Amino acid sequence: MSETEPTKIAIACQGGGSHTAFTAGVLKELLANWEDGYELVGISGTSGGAFNALATWYGMVTADEDRAIELLDAIWDDLSASDSSDRWLNGLVVGFSRLRSLGVPVVEASPYDIPGSELGKDEIRGTLERHIDFDSVPDLCGRDSPELVVGTVNVNEGIFETFTNEDVTPEAVLASAAVPDLFEAVEIHDHYHWDGLFSQNPPIDDLLSLDVDRKPDELWVIQINPQERDGEPQTLEEIADRRNELSGNISLNQELRAVERVNEWIEAGHLPESNFSKVDVHRISMGKAYHCSTKVDRTPSFIQELMDLGKQRAMEFRQSK
């Protein structure tokens, strides 16, 4: 790469419910201080990370970094539990989640047996369509546009499935966030999809499979779930927390290990640099542990706390480069 060429950047946004407000804070800080020497060539996301990836991508391809920041704020304002009825429902859901993590017997039911279980999904769809003109997405995809990737799980075939560029519809984003015990599966292409947290969290391979002249030089992973924990989880709460974190990290670590292995082979001369190029991997981690029940907490003050933390971590990341 010549000195005049920009550094190609791909960003991968891990899912994690309300905790992905942290990702929005990271992205806002990165976008507000985006350097001329960087080119965004791709962005991916799973679950709540998909909301952030979509908002960032759409803002960038329709206008600029400022527009992307505005969309991130607008979408999270809408997703926050701001009115009285929504705050009451949010408190109920968070409390129920905490009781379940403690092993307290609670009445559970399939989302297919609960009247109105699709209301939450409809509200998310309404929020997305209020800020994103999905009809325009195919025309916005092109050679010079960043790759957009959303991750899901194909329930019927038991495999990862991603939706890219013009295939990122409201249904695809909803499928990525369809937590099985909260929402009905989303049918796309005659099969069913669940929350991408079970699979590529977030999608990496699609970002690294771009044409040679668009392949990223650096991959920035915004990681929600703590990588490390001290001590042995012993209480039901501690076990639930760590199990939740591990479920979101295992697939990510497997994909990143594959990237690191290819880098090692290139350095060792086992792969020709004419066909393969190294990708520097950087993680922007939350670095703070929250109870797993807070992943469904949409309290405005908590959302803002997470965004502020994201801004802080992004500033630390920029200063370290």
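This passage describes two helices, the nonpolar cores, the aromatic pairs and two histidine residues of a predicted model.

Helix α3 spans residues 65–79 and contains 15 residues. From the first C-alpha to the last, α3 reaches 21 Å, which is close to the 21 Å expected at 1.5 Å a residue. The N-terminal end of α3 is capped by Asp-64, a side-chain oxygen of which lies 3.2 Å from the backbone nitrogen of Asp-66. The buried residues of this helix are Ala-68, Ile-69, Leu-71, Leu-72, Ile-75, Trp-76 and Leu-79. These buried residues lie on the same side of α3, because they cover an arc of only 160° around the axis. An α-helix has 3.6 residues a turn, so residues three or four places apart point the same way. On the face of α3 turned away from the buried side, the exposed residues Asp-66 and Asp-77 are found. The elements that cover the buried residues of α3 include α1 (21–32), α2 (48–62), α5 (119–131) and α10 (300–320).

Helix α10, one of the elements covering α3, can be described in similar terms. Helix α10 has 21 residues and reaches 30 Å from its first C-alpha to its last, close to the 30 Å expected at 1.5 Å a residue. Its buried residues are Phe-302, Ile-303, Leu-306, Met-307, Leu-309, Gly-310, Arg-313, Ala-314 and Phe-317. Because these residues cover an arc of only 160° around the axis, they are placed on the same side of α10. Ser-301 and Gln-319 are exposed residues on the face of α10 turned away from its buried side. The buried residues of α10 pack against α1, α3, β7 and β8.

In soluble globular proteins, nonpolar side chains tend to be buried together. In the present model, the largest nonpolar core has 61 residues, of which Ile-11, Phe-22, Ile-43, Leu-54 and Trp-220 touch the most other members. Helix α2 gives the most to this core, with eight residues. A second core, separate from the largest, consists of 12 residues and includes Ala-12, Val-149, Leu-207 and Leu-252. The surroundings of Leu-54 illustrate the contacts made by one member of the largest core. When residues up to four places away in sequence are not counted, Leu-54 touches Leu-128, Ile-132, Phe-134, Leu-148, Val-168 and Val-173.

Aromatic rings form a further set of contacts, and the count comes to five aromatic pairs. One of them joins Trp-220 and Phe-317 in an edge-to-face arrangement, with 5.1 Å centre to centre and 75° between the planes. This pair links distant parts of the chain, since Trp-220 is in strand β7 (residues 218–223) and Phe-317 is in helix α10, 97 residues apart. Both Trp-220 and Phe-317 are buried. Tyr-290 and Phe-302 form another edge-to-face pair, with 5.4 Å centre to centre and 80° between the planes. Tyr-290 lies in the loop between β8 (280–285) and α10, whereas Phe-302 lies in helix α10, so the pair ties together parts that are 12 residues apart in sequence. Tyr-290 is buried, with a relative accessible area of 13%, and Phe-302 is buried, with a relative accessible area of 8%. Ring pairs also link Trp-34, Tyr-38, Trp-220 and Phe-317 into a cluster.

Two histidine residues make contact with members of these aromatic pairs. His-19 is found in the loop between β1 (7–13) and α1. The relative accessible area of His-19 is 3%, and because buried means under 20%, His-19 is classed as buried. Its side chain makes a polar contact with the side chain of Thr-294 (2.6 Å). With neighbours within four places in sequence left aside, His-19 is in contact with Ile-224, Met-286, Tyr-290, His-291, Thr-294, Lys-295, Phe-302 and Leu-306. Both Tyr-290 and Phe-302, which form an aromatic pair, are thus included among the contacts of His-19.

His-282, in turn, is placed in strand β8. His-282 is partly exposed, with a relative accessible area of 25%. Residues up to four places away in sequence again being left out, His-282 touches Glu-218, Leu-219, Trp-220, Val-221, Phe-317 and Lys-321. The C-alpha atom of His-282 is separated by 29 Å from that of Thr-169, a residue 113 places away along the chain.

How values were computed. Residues numbered from 1 in each chain as written. Predicted model: local features only at pLDDT ≥ 70, side-chain atom pairs only at ≥ 80, totals over all residues. Heavy atoms only, no water. Helix = DSSP H or I, 4+ residues; strand = E, 2+ residues; numbered from the N terminus. Expected span 1.5 Å × (residues − 1). Buried < 20%, exposed > 50% of the residue type's maximum accessible area, 1.4 Å probe, protein only. Arc of directions from axis to C-beta. Contact = heavy atoms within 4.5 Å. Polar contact = N/O pair within 3.5 Å; in protein donor to acceptor, adjacent residues only side chain to side chain. Core = buried A, V, L, I, M, F, W, Y, C linked by side-chain atoms within 4.5 Å. Phe/Tyr/Trp six-rings, centres within 6.5 Å; stacked < 30°, edge-to-face > 60°.
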